[in-house]
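Visitor: Could you take me on a close look at one part of this protein, its nonpolar core, and then at what lies around it? I am new to this, so please explain the terms as you go.

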Amino acid sequence: MALTPSNMLPLGTVAPPFELLDAVSERTMTLDELKSDNATVIMFICNHCPYVKHLRSELVNIAEDYIPEGVKFIAISSNDIEEYPEDSPELMQAEAKKWRYPFPYLFDETQAVARAYDAACTPDFYIFDGNMELVYRGQLDDSRPGNEKPLTGKDMRAALDDILKGNPISEDQIPSQGCNIKWKK
């Protein structure tokens, strides 16, 4: 497990479009049908990464808190499932049901979407405004496996609160950290 920081895609970047299989509903979904006019959170996660396992309960809490405010959440797994079969769509579906993910969990089989977003790690978080321009990319909060800091989602929550209030979002953003995306060879 190599600790990898996010690449910090430039603020203002327009969200690259995609069309991916939702492991839960087993249907293809597009960014256009999933996005919000308020804010859209795109998260690169997976099943096996200890960093994702550490914070998945808080991901559910944040989504449940902000979905009623018109924020949409989209999770994407881009890992190579030949080398990491625990990240297969079948097991993604089981994981989403077990944790009651209130958001789609999409499978990026070709890894083209991860490359388009310059995703580097799991978890990797991106928040886009109503114009689908990137306003936040960085950590959920400063809790990591074993560092004894509580999971609060404070960084993501602060960005979402600012978007919803129409306030500017601080450009002082701390990269997310986690396992590197498992690229195909």
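Guide: Happily; we will start with the core and then visit a sheet and a single loop residue.

First, some ground rules: this is a predicted model, in which local features need pLDDT of at least 70 and side-chain atom pairs count only at pLDDT 80 or more, while totals for chains, interfaces and linings use all residues. Residues are numbered from 1 along each chain as its sequence is written, and side-chain values use heavy atoms, with hydrogens and water left out.

A nonpolar core is a set of buried Ala, Val, Leu, Ile, Met, Phe, Trp, Tyr and Cys residues joined through side-chain atoms within 4.5 Å. Buried means under 20% relative accessible area, exposed means over 50%, and partly exposed is in between (1.4 Å probe, protein chains only). The largest core here has 35 residues, and those touching the most other members are Val-41, Met-43, Ile-45, Phe-73, Ile-127, Met-156 and Leu-160. Among the elements that each supply at least two residues are strand 4, helix 2 (50-66) and helix 5 (154-165). Helices (H or I, at least four residues) and strands (E, at least two) are DSSP runs, numbered from the N terminus. Helix 2 gives the largest share of this core, eight residues. Leu-160 is in contact (heavy atoms within 4.5 Å) with Ala-39, Val-41, Ile-62, Tyr-66, Val-71, Phe-73 and Ile-127, leaving aside neighbours within four places in sequence. Apart from this core lies another, of 21 residues, including Leu-9 and Phe-44.

Helix 2 also leads us to a sheet, since this helix lies across strand 1, strand 7 and strand 10. These strands form an open sheet in the order 1-10-7, with antiparallel pairing; two strands pair if DSSP finds at least two bridges between them. Strand 1 (3-5) and strand 7 (121-122) are at the edges with a single partner strand each, so one side of each has no neighbour in the sheet. Two bridges join strand 7 to strand 10 (residues 177-180), and Thr-122 stands opposite Cys-179 in strand 10.

Our last stop is Asn-47, in the loop between strand 4 and helix 2. Asn-47 counts as buried because its relative accessibility is 5%. Beyond residues up to four places away in sequence, Asn-47 touches several residues, among them Lys-53, Arg-56, Glu-86 and Tyr-105.

Notes
Axes are lines fitted to C-alpha atoms, for helices over the stretch in contact, and angles run from 0 to 180 degrees between N-to-C directions.
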